[in-house]
Every structure is written in C-alpha cells, then in structure tokens.
Amino acid sequence: MTILPFPSFLDDVKEKGFKKAVFEGIDDSVERLTAGLNVQDLREAFRGETASRRPNPRLTPHADGFWLHMRPSYFNRDVTGMYPTFRLGWLSSYFVFFETITGILLMLWYTPSPEIAYGDMLTILSNVPLGQLMRDMHRLGAEFMVAVVAMHMMRTWITGSYKKPRQFTWFTGLLLLVITGFLSFSGYLLPWDQLSLWAVTIGASMAEATPVVGEQVNLLLRGAPELGANGLLRFYLLHVLALPALLFVFFGVHYYKVVIHGHSLPPQKENIGEDTAKRVPLDKRVYFIPDMLTYEMMWLGATTFIITVLCIWFYHAPLENHADPQVTPLGTTAPWYFLWIQGALKLGDKFFWGVAFPTIALGGLALLPYLDVTPSRRYAHRRFMLTIASLLISVTTILSYMGLAKFAVQTSAETEIVHELTFEPAHSKVGIGRTIPFDQMIVGAYSTAQLHYADDMAASDALAAINAEVSANGQFDQMIQELKDQHVGANQLPLRFRAIPAAEAPTLMRVMEEFAHHLEAEPKELPNVWGALVITDNQGSLKRLDWIVSWDSVLIEGGEVQTDEAGDPILVYSDQVDAAGNPIPVRRIFSDHLFIHEASAYFD
Amino acid sequence: MNLLFIRTIEGRILAGITMFVGMMILVGWVAINEEARMQAFVQQHTGRSIERGAELFASLCSECHGEEGYGAGDRAPGLNNPHLFGYDPVGLQTAAVTNANRALVRLNKSVDGLLAELTDSEEPPSEERQNEIVAAIADLEAQIEEQNMAIAGTVAERIAILESLDTAVNNGLFPLWDTVVDIEQTGDNEIEVFFNTNGTRLAQVGWAGDLQGYIVTTLIHGRPGSARVYPNSTGMAAWSQTAGGPLRQDQIEDLAAYILNWDKGAGWTTEDFIAVAQYGKPLADGSLPSEPPPPPAGDNVEGILQRWQAEEVIGSAVSGELLYDQEFGCTDCHRDGASAPDTIGTAARIRDERLTLPQFADYTLEQYLVESITRPGDYVVDGYSSGLMPVNFGARMTDQQLADIVAFLLTQ
C-alpha cells in the first residue's frame with residue numbers, strides 16, 4: 001500500500017515493475033492528450049497501416065476531443081486533390097492564424113500614438129532581433145490573405161458551390177472577405193509613414209461620399225477631420241480587437257457550415273440537383289487521421305517555409321518617411337485591393353462610383369445564391385454565370401488598373417519626370433537618381449543637352465557650344481536664380497556646365513541618359529527642353545542634387561497642350577524680341593532637389 | 001502541384017519535417033546576421049535622417065544661419081563652426097608646451113640635485129666624481145636649452161595661429177565680443193584668454209549637457225538673447241510643435257542630426273574658423289556694419305511725435321508700403337476687413353469716423369495711427385476682437401519705419 005490516499009505511479013512500479021509501469025504511464029498520457037489514440041495507434045496510423053483495435057480509435061479524437069471535433073473525421077477522395085478546392089479555404093485559415101501570431105509578436109513593440117508609432121517601427125527594424133523578418137512576414141501574409149480569400153470566393157463561384165444548401169456559407173464567406181479587406185486596410189495605417197497615412201486618407205475619404213451619414217462615418221472613423229492621434233488609435237483598435245473578433249466569429253460560423261454541409265464535390269461527380277457531399281461511400285473515404293493530418297502538417301511547413309524564403313530574399317515591407325499631413329506625395333494610391341474603387345471614382349460621381357457602386361457590387365455578391373437558383377452545377381449549364389464571373393474578374397482588373405496613379409491623373413510632365421528619377425524607396429523600387437554611388441556624385445553642373453550633340457563632336461566642343469548658348473539666351477542665369485531661390489550656397493553655384501564624367505561616373509552618365517530620354521518623350525509639353533543636374537557638396541558626407549528642367553512655355557487649356565495645324569505646340573511669347581526681331585518664347589524652369597548621405601545606401 | 005499531394009504518409013512526414021527544419025535553419029541564419037543587419041540599418045537610417053535634416057535646414061534655417069551653415073552676417077551664429085563643436089585651434093601647441101614645461105621641471109630638478117652633491121661641504125665628492133657631475137650638468141643644460149628652444153618655437157606657432165584667428169574674431173566668430181574686448185584691456189593675448197574660458201560654445205553659454213542636447217533644446221524652444229547679439233536677428237523661434245512651432249519631434253531630431261554632421265572632429269582647421277561669418281563680417285561692399293541699429297520707436301506716442309518733430313523725421317509712403325506688406329506683414333490681416341479693418345480707405349475712415357468720437361477729439365491723423373500701431377490695445381474698433389494685433393510693433397520699428405508706415409497709410 002502506498003502512503004498516498006490514491007493509487008500512484010509507485011504502486012504501479014511495485015506491481016508491474018519499473019519498465020512496464022513507465023511504458024503504460026506514457027501510453028496512458030498519450031491517449032489522454034490525443035483524446036483517444038495510444039502510442040500503438042499513432043504508430044500504426046503514421047505507418048499507414050490499418051488500425052488494429054476496434055472500434056476504430058482514429059475516430060475517437062473527433063468524437064471526444066475539443067479541437068478535432070471541429071474537423072470532419074473523413075473527406076471524400078474527390079475533394080482532397082488540388083481540384084476543386086485549390087486549398088484556398090485551408091490557406092485562408094492558415095493566414096488567419098499566421099497573421100494572429102506574427103501580429104501579437106509585433107504588438108509587443110508597438111504603441112498606437114503618432115508621436116511614437118514611427119519610432120517604434122524604426123525600433124522594430126533596428127533594435128529587435130528578427131524584428132524585420134516578423135514585420136515582413138506579417139505584411140506579406142496580409143497581402144496574401146486578401147488575395148487568397150478573394151480567389152477562394154471566385155473558386156466557389158466558378159464551381160457553383162454557393163448553391164443550395166450552401167447559400168448561407170457563401171454569405172458568411174463574403175462577410176469574411178470584407179472583414180479581411182478592412183483588417184488589412186486598418187493595419188495599413190499603423191506604421192504611420194507617408195505611405196500609410198495617404199493610402200488610408202484616400203481610402204477613408206471614399207466613405208465621405210455617403211449621403212447624410214458620410215461625414216459622420218468619416219468623423220467616427222478618423223476621430224477628427226484629419227487623421228491624427230485619435231484616428232490612429234481607432235484604426236489600431238479596429239485592427240487588433242474589433243475586426244479580429246468579428247473575423248473569428250464569422251470564421252467559426254463559416255467553417256461550421258462547411259463541415260455540416262460537407263465539402264461540395266466537383267460538379268460532374270454528382271447528379272444535377274443533388275448534393276451528395278455528406279454521403280461518402282466507404283471506398284472514397286480519406287480519413288483525417290492520418291491522411292489529412294499529415295497533408296496539413298506538410299502544407300503548414302511548406303507554406304511557412306515559402307513565406308520565410310520570400311521574406312528573407314524577395315520581399316521587405318515598405319517604410320517611407322514619417323507621416324506628414326502637410327506633404328502630399330506624388331502618385332498616392334489606395335492599397336491595391338481597394339484600387340478598383342479608386343479606379344471607379346475616376347469615372348465620375350463620387351457618391352455613385354465610390355459608395356453606391358461598391359455597395360451594389362457587394363450586395364449583388366451577397367444575393368448571388370438567391371438570385372441564381374438553377375439547380376445544375378455543371379459548367380456547361382452555367383454559361384451565363386461563368387460569363388458574369390469572368391466579367392467580374394475583368395472589370396475588377398481594369399478598374400484596378402484605372403486606379404493606378406499613372407491613369408488619367410494630370411501631372412505636369414516636368415514634375416512627373418523629376419519624380420520618376422528621384423522618388424524615395426517604396427515597394428522595393430527607388431528613383432534611379434538616388435542610386436548614383438556616393439563617389440560618383442562628382443560636384444558640377446551637367447546638362448542633358450550634351451547628350452544631343454553628335455558623337456563625332458568632341459565633348460569639350462559640344463559643351464563650349466552649349467555654355468555659349470545658354471549664357472547668351474539667359475537660360476543659365478535663370479537656372480542660377482532658381483538655385484539661389486532654392487537655397488544653394490553662393491559659393492556653390494556652378495559657373496558653367498561641365499562634361500559628364502562618363503569614365504569615372506558611369507552611373508551618373510546612365511542617369512543623365514535616362515533623364516534626357518524622359519525629356520525627349522514629351523516634345524509637346526516640353527519643347528526645346530534641356531535638363532540639368534547640379535551636384536554640390538553640402539557636408540563632408542552629404543551631397544545635394546538639384547534637378548532642373550528648362551523649356552519653352554506652351555499654351556495649355558483645360559489640361560491639354562494646344563497645337564497648331566502642323567501638330568506643333570503653340571508657344572507662349574514674351575513681349576521681348578531677339579536680335580532678328582522675332583519674339584522670344586517665355587522660358588519656364590522647374591527644379592527639385594534631394595540630399596544624399598554617404599551612408600544612406602540607396603545604391604546597394 | 002502534385003508535389004503538394006505526396007501519396008504516401010511517410011513521404012508527407014518526411015517532406016513536412018524537411019520544410020520545418022529548413023525554415024528553422026533559415027530563421028537561425030537570419031538571427032545570426034541580425035546584429036550586422038541592425039547596425040547597417042541604424043547607419044542607413046542616420047544617413048537618411050541627415051538628408052531630411054538638410055532639406056529642413058535649407059528651407060527653414062539657411063536664411064539666417066547661411067546656406068553652408070557659416071552664419072549670415074548679423075543675423076545668426078554659424079553652425080558649421082569649430083567653436084560650436086569645441087575644437088581648440090591651439091590644442092596641439094598647448095599640449096606641446098605643457099609637456100615641454102614638465103620636461104624642464106624634471107631637468108632642472110636633476111641639475112639641482114647634481115649641484116647640491118657638488119657643493120656638499122660635509123661630504124665633498126671625489127675629484128673624479130666632480131668631473132662626472134660637471135659633465136652631466138653641462139649635458140643637462142644643453143637639454144634645457146633645447147627644450148626652451150622648442151617651447152619658443154611652439155609658442156611662436158601658437159601666436160601665429162591665434163593671430164591668424166584675428167580675422168575670424170573680427171568676422172564675429174565669438175558673438176559675445178564685449179567679453180573679448182574686456183580681456184583686451186588686461187594686455188594678454190585676448191583670443192588665447194578667451195579660449196581658456198570660452199573654449200566651446202557650450203562652455204560659453206554655461207551648458208551642462210552635451211552638444212546634441214544643446215542643439216535639440218535650442219531647436220525646440222528657440223532662445224532668448226539672440227536679438228541682443230545679432231541686431232538684425234528676428235530671434236531664434238521655437239520650432240517644435242511642443243513649443244508652438246511647426247516641426248514634429250522627429251524633424252527636430254533630423255535637423256539636429258544634420259547640424260551635428262558638420263563636426264569634423266580632429267579635422268577642423270583655422271581656415272574653418274575664418275570661414276565662419278557672423279556678426280561683424282564685412283558687408284558685400286567691404287565695409288563693416290558700423291553703427292548699432294537705431295533704437296526702436298517704443299510705445300510712447302507723445303515721445304514719438306516729439307522726436308519726429310525734433311529730428312525732422314519724414315515718412316516715405318513708398319518704403320512704408322514695402323514695410324507694411326512684407327517686413328511686418330500687416331496686410332496678412334488688414335486686407336478684407338474680416339479680421340481687422342481693411343487697409344483701403346484707412347485715412348478717410350479715421351478722419352470721418354474715428355476722430356469724430358469724443359475720446360479722439362484733439363487727435364491728429366498721425367497721432368491716431370501712431371497710437372493704433374504702437375498701442376493697439378488702447379482702443380479697438382467696434383466689431384473686431386481685442387488682443388488680435390501684436391503689441392510689440394513699437395519695439396520692432398524704428399522711428400523712421402513707423403513714420404514710413406504712417407505716411408503710407410495716410411495715402412490709403
């Protein structure tokens with residue numbers, strides 16, 4: 001007898017011997033943990049053998065265990081392949097958990113306050129081991145999740161799986177799609193950089209167009225007329241609390257419906273109007289343990305491995321400059337999954353295209369299973385709905401393209417060109433002007449005009465001609481005045497253009513060629529144009545690059561360049577005349593500048 | 001795609017384990033390199049912070065502190081300035097002299113010891129020893145001579161450097177010039193004495209913290225006193241949003257990073273001192289800003305009007321218009337009658353409406369205008385809020401400027 005008031009392990013040892021007692025103890029624990037499978041059962045399962053005990057212990061975890069009671073104990077062989085599910089539902093669920101885990105880790109270093117948030121991002125990147133990897137994974141996972149959920153919806157449409165009895169499953173799925181979009185969108189703001197502030201400002205301003213309540217909704221969302229401390233806190237709480245809570249609720253409902261109705265079979269596998277998903281013949285059963293379990297464990301490893309590889313070598317979450325409500329960056333767009341609304345907005349009325357149209361579209365989707373009540377799921381019988389599906393995909397793609405900044409947004413050519421050359425790193429791209437290595441930024445003024453001279457002309461002769469020309473017609477002085485206005489030091493002002501040092505600075509040469517190439521592409525808007533790059537020393541480790549565009553002013557009406565019969569642009573003339581008595585066109589100049597520090601390493 | 005559907009269980013288990021292990025190896029590999037990556041990130045980020053600071057400096061600060069940070073004449077101190085960074089131009093020479101002096105003390109001590117031994121009456125050294133001592137003393141004397149020569153050379157070098165700094169001092173390198181002038185009376189080399197007590201800007205202003213703290217604090221809160229040292233300064237404003245200015249904290253830090261990036265450490269030269277252009281720098285035409293600026297008009301209306309009469313101050317409407325529109329920005333508010341009375345029709349309005357009021361019975365037009373500008377709170381026209389107009393225009397304008405503005409307003 002033991003001294004303890006209940007039978008203990010020691011009693012077992014006494015009774016059966018040490019070895020046997022230990023084995024039985026382990027066996028017992030394993031069976032409790034797996035809710036029904038002992039070591040021998042597991043061994044058999046993972047060796048692919050049939051279960052030696054009856055009743056089949058592999059079904060017990062589904063009946064007795066909490067976690068597996070949510071999963072079906074067997075699947076129909078017809079739905080376990082790539083087709084018809086493409087694993088998109090599984091992947092969506094994967095990303096829900098993946099995002100939760102990486103998100104919680106990121107929360108440890110994040111404070112939702114405009115004063116600190118951006119600094120926190122820098123801390124995550126500069127002072128948290130694996131911080132960058134975590135952020136990249138969370139961000140990439142979010143983008144994937146939106147894409148996967150949307151594709152999951154399209155797949156369901158195409159295979160007709162929304163049909164009776166799965167109408168409500170479809171509806172909850174649509175809710176999950178909307179929640180996913182908003183989850184991703186609300187997370188966009190949190191880094192509090194220029195990218196996030198302006199993408200969200202654009203996104204949130206769409207809500208403003210709603211009649212009557214628009215302004216209130218907008219105010220509720222942003223906490224103030226402009227995004228600020230309150231807005232950030234609200235988006236943060238939406239992102240980490242409200243939306244995830246909703247997501248988990250509807251995720252539960254959605255999956256419960258999936259299990260209760262069974263995974264819909266490929267359309268051709270069942271008779272028209274029948275739903276045989278729950279009636280799986282014995283020879284078609286693929287048991288969760290061990291087959292689906294090992295599949296899912298393998299996919300878990302594979303997906304995470306792929307994301308890790310992507311985040312190490314191919315993707316880094318963008319982080320631009322600190323958010324600044326005063327500075328609107330050129331070419332701001334909403335996040336890609338809202339681009340279709342932004343594109344639609346360019347079609348006209350803000351209310352109709354920004355609010356009514358998306359609402360109608362989503363409403364139509366929600367009602368889809370109740371509108372399309374034809375019994376057949378066969379592709380051949382659903383030509384109309386499949387056409388609508390491909391139309392939907394095409395229209396969304398086209399609208400998204402229209403949402404891009406380059407579509408139908410009027411920016412003057414010179415601004416566009418200089419921006420193209422100098423934009424700050426975003427989405428793994430950077431203006432080529434920033435990629436000139438520090439030692440190739442040789443102080444001097446360089447003109448694209450040099451590149452237009454014939455090859456057989458010596459560079460020095462070409463330059464002499466250019467310098468003589470621009471100093472005679474006052475264009476050089478105009479440039480110097482512009483530089484002065486832009487606070488270039490008096491001792492730093494260039495005296496004349498220098499030859500581009502192609503041998504010592506090949507990248508500089510390439511950038512100048514690119515600059516010239518862009519300028520040439522706009523003969524209508526920028527006639528008789530030349531561009532210049534003026535490089536000056538600012539501090540020992542800091543250079544200043546001034547980009548200048550000088551051209552003859554053209555007549556522009558309603559955003560369009562006016563041309564004469566020959567198709568040449570009509571110039572605007574000043575009241576002065578040259579030596580020959582011809583009027584002189586008004587010369588316009590544009591400049592922008594950037595500073596580049598030796599350690600900034602845009603060129604790596 | 002079939003890869004995802006490995007048909008055997010052991011194949012799936014093997015593939016899964018391989019993927020997990022591969023992922024762990026990758027993450028481990030990343031973790032090992034994190035230290036270097038984070039360091040690189042910090043460097044890169046500092047670089048970009050300096051770039052943004054440069055942009056802010058060019059647009060906000062260069063007007064007064066100079067595009068290249070050398071200061072702009074009589075408006076603000078140079079920041080690209082060895083003095084700010086605590087560079088001592090004669091540090092090397094001072095150290096050399098100190099070391100040589102120490103060596104001298106040592107040598108003299110040795111000589112004294114030998115002499116004492118030589119002249120010891122109780123225990124006179126042997127003849128041989130005496131000769132030895134005499135030889136040793138001669139050797140030491142030669143060394144002392146050598147050291148003295150070295151010191152003289154270094155001192156001359158030092159004087160040359162300090163003299164070369166005269167230009168810089170004349171250019172107003174040290175804003176508190178009166179301190180230097182005081183020292184001049186004592187007959188020492190005033191620059192050297194100045195360096196001993198005011199070696200760095202921080203010591204000069206009695207700042208206990210480090211340079212970054214000094215710069216950041218000045219950026220956030222602005223600073224008083226600038227107007228005294230720099231007569232044409234509008235004062236260092238408070239730039240931080242926390243102090244009512246326009247800049248966020250990260251922008252303040254960017255600016256500080258940019259200013260600190262001027263530091264050349266040991267690389268500063270006396271040329272850098274001379275490049276600094278602060279108060280007293282010869283103007284473009286070569287002359288020095290001679291007289292102190294004329295005193296402000298103040299807010300004693302009677303006194304102003306009397307001085308105008310006594311000194312025959314005649315206002316010019318043309319310069320008055322410039323001052324009104326630009327220098328003092330009056331048109332910012334006085335333009336459409338919304339927040340302040342419209343500029344147009346001023347004279348007629350005063351003559352026909354204000355001066356008919358009992359309290360202005362014996363006022364002249366000039367008197368009314370001078371009072372309105374220098375003491376705006378005394379009377380506020382019905383319909384406008386009091387306290388909107390700054391009360392310090394009297395302190396900011398000279399008699400002449402005030403007279404110009406009044407002359408301009410009388411034409412309106």
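**Entry 1: strand pairing in chain A**

I began with Ser550(A) and looked up its partner in β10(A); the bridge partner there is Ile589(A). The model I am reading is a predicted one. I then noted that β5(A) and β10(A) run antiparallel and are joined by 11 bridges.

I turned next to β4(A) and β5(A), where β5(A) covers residues 542-552. These strands also run antiparallel, with 9 bridges between them. As an example I recorded Thr536(A), whose bridge partner in β5(A) is Arg544(A). I followed the chain from β4(A) to β5(A) and found a hairpin that joins them through 2 residues.

**Entry 2: the sheet as a whole**

I wrote down the strand order of the open sheet in chain A as β3-β4-β5-β10, 4 strands with antiparallel pairing. Which strands lie at the edges? I found β3 (444-447) and β10 of chain A there, each pairing on one side only. Ignoring direction, I noted an average turn of 15° between neighbouring strands of this sheet.

I also asked whether β5(A) is enclosed or open to its surroundings. Of its 11 residues, 10 are buried, so β5(A) is largely enclosed by the rest of the structure.

**Entry 3: a helix of chain B on the sheet**

I looked for what lies across this sheet from the other chain. Helix α1(B) lies across β4, β5 and β10 of chain A. I recorded its direction as about 145° to β10(A).

**Entry 4: α1(B) against α6(A)**

I then examined α1(B), residues 9-65, beside helix α6(A), residues 117-127. Their axes come within 7 Å and cross at roughly 135°. I therefore class α6(A) as oblique to α1(B). On the side of α6(A), I listed Leu122(A), Leu125(A), Ser126(A) and Asn127(A) as making the contact. On the side of α1(B), I listed Met38(B), Phe41(B), Val42(B) and His45(B). By class, I noted 5 nonpolar and 3 polar residues in this contact, and no charged ones.

**Entry 5: the contact between the chains**

I widened the search to the contact as a whole, which takes 45 residues from chain A and 43 residues from chain B. On the side of chain A, the elements that give two or more residues are α6, α12 (288-314), β4 (530-539) and β10 (587-597). Which element gives the most? I found that α12(A) does, with 14 residues. I noted the classes on this side of chain A as 23 nonpolar, 19 polar and 3 charged residues.

**Entry 6: nonpolar cores**

I looked up the largest nonpolar core, which has 66 residues. Those with the most contacts inside this core are Ala532(A), Leu533(A) and Val549(A), together with Leu255(B) and Ala256(B). The largest share of this core comes from α1(B), with 7 residues.

I followed Leu533(A) further, leaving aside residues up to four places away in sequence. Leu533(A) touches Tyr446(A), Met512(A), Phe515(A), Leu545(A) and Trp547(A). I also recorded a second, separate core of 62 residues, which includes Ile124(A), Trp198(A), Trp340(A) and Ala344(A).

**Entry 7: chain B**

I closed with chain B, where I noted 16 helices and 0 strands. Of its 412 residues, 26% are buried. I then took the contacts in chain B between residues at least 6 apart in sequence, and found that 65% of these join residues at least 24 apart.

Key:
Residues are numbered from 1 along each chain as its sequence is written. Chains are lettered from A and ligands numbered from 1 in the order in which they are written. This is a predicted model: local features need pLDDT of at least 70, side-chain atom pairs count only at pLDDT 80 or more; totals for chains, interfaces and linings use all residues. Axes are lines fitted to C-alpha atoms, for helices over the stretch in contact, and angles run from 0 to 180 degrees between N-to-C directions. Angles under 35 degrees count as roughly parallel, over 145 as roughly antiparallel, 65 to 115 as roughly perpendicular and the rest as oblique. Two residues are in contact if their C-beta atoms, placed from the backbone, lie within 7 Å. Ala, Val, Leu, Ile, Met, Phe, Trp, Tyr, Cys and Pro count as nonpolar, Asp, Glu, Lys and Arg as charged, and the others, Gly among them, as polar. Two strands pair if DSSP finds at least two bridges between them. A residue is buried if 20 or more other C-beta atoms lie within 10 Å of its own, exposed if 12 or fewer, and partly exposed in between; C-beta atoms are placed from the backbone. A nonpolar core is a set of buried Ala, Val, Leu, Ile, Met, Phe, Trp, Tyr and Cys residues joined through C-beta atoms within 7 Å.
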